[in-house]
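Reader: I'd like a close look at one part of this chain: the loop that carries a salt-bridge partner and a phenylalanine. Could you walk me through that part and then connect it to the rest?

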Amino acid sequence: MKINQNFLNVQDSYLFSTIAKKVDEFIKANPDKKSNIIKLGIGDVTLPLCDAVIKAMHMAVDEMSNKDSFKGYGPEQGYGFLKDNLVSYYKRRNVELQSGEIFISDGAKSDLGNILDIFDVNNTVLVTDPVYPVYVDTNIMAGRKIVYADANENNGFLPLPDYKVKSDIIYLCSPNNPTGAVYDKKGLKCWVDYALKNNAVILFDAAYEYFVDDNNLPKSIYEIDGAKNCAIEFCSFSKTAGFTGTRCGYTIVPFELVFDGVKLNKLWNRRQTTKFNGVPYIVQKGAAAVFTEAGEAQIKKNIEIYKENAKIIADGLDELGIWYTGGKNSPYIFLKCPKNMKSWEFFDYLLENVNVVGTPGSGFGKNGEGFFRLTAFGDRLKTIEAVKRIKNLLK
Ligand code: PLP
């Protein structure tokens with residue numbers, strides 16, 4: 001028996017463990033400061049599930065207790081009631097989908113990794129840098145070659161395709177984690193054109209689409225002509241409706257996507273029906289409630305709270321004259337560390353002087369060096385206090 005040697009090439013993920021270690025050490029040395037620490041580093045939501053979701057899940061639990069309404073194994077691709085809601089959700093945004101193109105998942109992260117099952121190992125993968133680490137690590141585990149598209153201050157952290165670079169699988173994330181940058185339609189069209197010309201597939205991560213409120217910015221790659229012939233879209237209820245612990249997402253594989261004469265939808269369906277048992281009925285009932293009138297109003301209210309947090313942070317940085325991306329149409333703010341500090345240097349500076357914790361940009365790739373990520377998912381009063389402290393420190 002031999003192990004998959006590729007796993008030895010995956011770097012240990014030091015980012016969040018190093019942050020936790022540094023915070024622990026700081027508290028040990030300064031126990032009186034423990035309660036003063038404000039964490040704006042996490043990418044997890046802090047508001048609970050909304051009422052409509054909770055009610056729907058309670059009702060689903062009751063259905064499970066009754067012989068007539070009890071559910072055993074469900075369809076691996078997801079229940080029709082949730083997929084129909086998604087078809088309507090996209091239709092309202094002028095994107096026509098068919099129910100069979102939607103696969104309900106236990107979250108975007110799983111599917112972003114699992115989708116690689118249906119692609120040849122010799123494909124070259126393109127990721128932007130800095131990047132959500134899952135795209136890189138899952139491909140290293142599979143032994144694929146990775147090329148990077150540099151995202152930096154010059155291109156507003158929104159790189160465009162370089163036709164000199166050949167790639168077969170392209171990961172795009174918009175609104176982006178960690179940079180908060182959002183592609184406009186023109187930018188996404190450049191990538192769609194590149195993919196169509198190079199017979200490449202785009203894996204479009206729309207986990208943060210719900211934060212986009214500028215109607216000129218695309219929430220889905222299918223708003224771009226030609227995308228259904230080259231792109232798979234991944235989305236999630238995690239950030240939209242607070243499902244990070246409840247687990248539900250979805251992946252769209254259009255029927256038009258054909259490579260080597262084979263429909264990717266067919267391959268993915270085969271993969272899912274073989275290796276995945278579907279998302280629990282109770283959870284899918286909760287997710288479906290997000291699209292009711294009450295559910296939509298309630299999740300919008302939560303998103304508004306996060307968006308206002310983002311604005312509070314962005315306004316503070318504007319006052320200080322600090323360069324950043326995101327903050328609008330995104331829960332992330334990616335700022336340029338002041339005084340030419342490196343990412344970890346700025347991390348220590350903020351922790352020691354104002355007891356605020358963020359995430360060093362260098363943890364997301366080489367182009368993140370010198371940058372720093374703050375998130376809008378924190379508590380309102382703590383966000384206001386953190387910005388006040390940062391302003392006092394840096395003004
Ligand atoms: N994609 C991006 C860009 C993310 O930042 C995250 C989570 O932070 C995910 C996907 C994972 O989403 P899910 O909770 O649906 O697995």
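Author: Here is a walk through that loop, followed by the chain around it.

Keep in mind that this is a predicted model. The loop you're after sits between helix 4 (108-114) and strand 3 (124-129), and D117 is in it. F119 is found in that loop too. The two residues make a nice pair to look at, so let's take them in turn.

Start with D117. Its side chain meets that of K275 in a salt bridge, at 2.8 Å from N to O. What does this pair link? It ties together distant parts of the chain, with D117 in the loop and K275 in helix 8 (residues 264-275), 158 residues apart. As for cover, D117 is partly exposed, with a relative accessible area of 41%. K275 is exposed, at 56%. In general, side chains of opposite charge can pair when their charged atoms come close.

Now F119. Is F119 buried or exposed? F119 counts as buried, because its relative accessibility is 12% and the cut-off for buried is under 20%. If you set aside the neighbours within four places in sequence, F119 is in contact with R144, I169, V201, L203, I232 and L264. Some of those can be placed on elements: I169 falls in strand 5 (169-173), while V201 and L203 fall in strand 6 (201-205). L264 falls in helix 8 (residues 264-275), the helix that also holds K275, the salt-bridge partner of D117. For a sense of scale, the C-alpha atoms of F119 and Y210 are separated by 29 Å, with their positions 91 residues apart along the chain.

From strand 5 you can carry on into the loop that leads to helix 6 (185-198), where P175 lies. The peptide bond from S174 to P175 is cis, with omega near -10°. P178 is found in that loop as well, and the bond from N177 to P178 is also cis, with omega near 15°. For background, most peptide bonds are trans, and most residues other than glycine have a negative phi.

On the far side of helix 6, the loop to strand 6 holds N199. Phi of N199 is near 55°, a positive value in a residue other than glycine. N199 is exposed, with a relative accessible area of 52%. There is another asparagine to check: N340 also has a positive phi, near 55°. N340 has its place in the loop between strand 12 (332-336) and helix 11 (343-354). With a relative accessible area of 70%, N340 is exposed.

Back to charges, and to pairs that stay within one helix. E304 and K307 both lie in helix 10 (residues 293-320), three residues apart, or about one turn of the helix. Their side chains meet in a salt bridge at 3.9 Å, N to O. That value sits just inside the cut-off of 4 Å, so the pair counts. E304 is partly exposed, at 37% relative accessibility, whereas K307 is buried, with a relative accessible area of 14%.

Helix 12 (residues 380-394) has a pair of this kind: K388 and E385 are separated by about one helical turn because they are three residues apart in that helix. Their closest N and O atoms are 3.7 Å apart, in a salt bridge. Both ends are partly exposed, K388 at 48% and E385 at 27%. Elsewhere, R93, E209 and K219 are joined into one network by salt bridges that share partners. In total, the count comes to 22 salt bridges.

Finally, zoom out. The chain's secondary structure comes to 12 helices and 15 strands. Its radius of gyration is 21 Å, close to the 21 Å that the globule rule gives for 395 residues, so the chain is as compact as a globular protein of that length. The C-alpha trace spans about 60 × 55 × 50 Å along its principal axes. Of the 395 residues, 54% count as buried, F119 being one of them. Long-range links like the one made by D117 and K275 have a counterpart in the contacts: among those with a separation of 6 or more, 74% are between residues 24 or more positions apart. The accessible surface is about 18200 Å², with 52% of it belonging to carbon and sulfur atoms. As for overall charge, the mean positions of the 49 positive and 47 negative charges are 1 Å apart.

Note on methods: Residues numbered from 1 in each chain as written. Predicted model: local features only at pLDDT ≥ 70, side-chain atom pairs only at ≥ 80, totals over all residues. Heavy atoms only, no water. Helix = DSSP H or I, 4+ residues; strand = E, 2+ residues; numbered from the N terminus. Rg over C-alpha atoms; globule rule 2.2 N^0.38 Å. Buried < 20%, exposed > 50% of the residue type's maximum accessible area, 1.4 Å probe, protein only. Contact = heavy atoms within 4.5 Å. Areas by Shrake-Rupley, 256 points an atom, 1.4 Å probe, with all protein chains shown as cover. Lys, Arg positive; Asp, Glu negative; His and termini not counted. Charge placed at Lys NZ, Arg CZ, Asp CG, Glu CD.
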